[in-house]
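Student: I should like a close look at one part of this model, namely the packing of one pair of helices and its surroundings. Please describe it in a single connected account.

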Amino acid sequence: STGEVMGLDDSFEKAFLKAQMGAGVRLPEMGSVFISIKNSDKTQMILEAANILNELGFKILATKGTSIFLNGNSIQTKLVKKVFEGRPNIVDFLKDEQVQIVFNTTEGIQALEDSKSIRSICIRSKIPYYTTAAGCNAVAKAIKANNESEFNVYKIQTILKDN
């Protein structure tokens, strides 16, 4: 086994939430999200994810380029330094438990190097960490679905029998 999990529900968002739970990931209902996105991922998908979390009351922490992108699209952020930019930086915020979820897509040697320390702390602290624009978007939608609707449990045998 490679540890796959499956989530079943009547919407992708709820099914994704269940799959995350099955994998041992607990998505936060509130708090702060750190967003640092490579230029090629600064798209509508990331804007939608950030907007959803902003509307749910999450505080958005972002690196300079991402902050400019989000602020330019009417999403307020708090600027956070990258690891190589000095202190306090995102690693300090993570260590101080000021971040509940991380969206970090990278490109380039420096960004990849910085992401190692970020990932390491996230793994140790069990902070959910997403590295693709599609993953970030799916997570934001799953958190919203979790906040808006009841959680239902389905038996796979019942679903297979009904189809």
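Tutor: In this predicted model, helices α2 and α6 are roughly parallel to each other. Two packed helices are described by the angle between their axes and the distance between the axes. Here the axes of α2 (residues 44-55) and α6 (residues 133-148) come within 8 Å and cross at roughly 25 degrees. Because angles under 35 degrees count as roughly parallel, the pair falls into that class. The crossing of α2 and α6 is left-handed.

The residues that make this contact can be listed for each helix. From α2 come M45, I46, E48, A49, I52 and L53. The α6 side consists of A133, A134, C136, N137, A140, K141, I143 and K144. Sorted by class, the contact of α2 with α6 comprises 10 nonpolar residues, one polar residue and three charged residues.

Helix α6 also leads to the sheet. It lies across β4 and β5, and its direction makes an angle of about 150 degrees with β4. Both strands belong to an open sheet of five strands, arranged in the order β3-β2-β1-β4-β5 with parallel pairing. At the edges stand β3 (78-79) and β5 (129-130), each of which pairs on one side only. Strand β4 (residues 101-104), by which α6 was oriented above, runs parallel to β1 (residues 32-36), and four bridges join the two. Within this pairing, V33 stands opposite I101 of β4.

Note on methods: Residues numbered from 1 in each chain as written. Predicted model: local features only at pLDDT ≥ 70, side-chain atom pairs only at ≥ 80, totals over all residues. Heavy atoms only, no water. Axes fitted to C-alpha atoms, helices over the stretch in contact; angles between N-to-C directions. Parallel < 35°, antiparallel > 145°, perpendicular 65-115°, else oblique. Left-handed = near helix turned anticlockwise from the far one by under 90°. Contact = heavy atoms within 4.5 Å. Nonpolar A, V, L, I, M, F, W, Y, C, P; charged D, E, K, R; others polar. Pairing = 2+ DSSP bridges.
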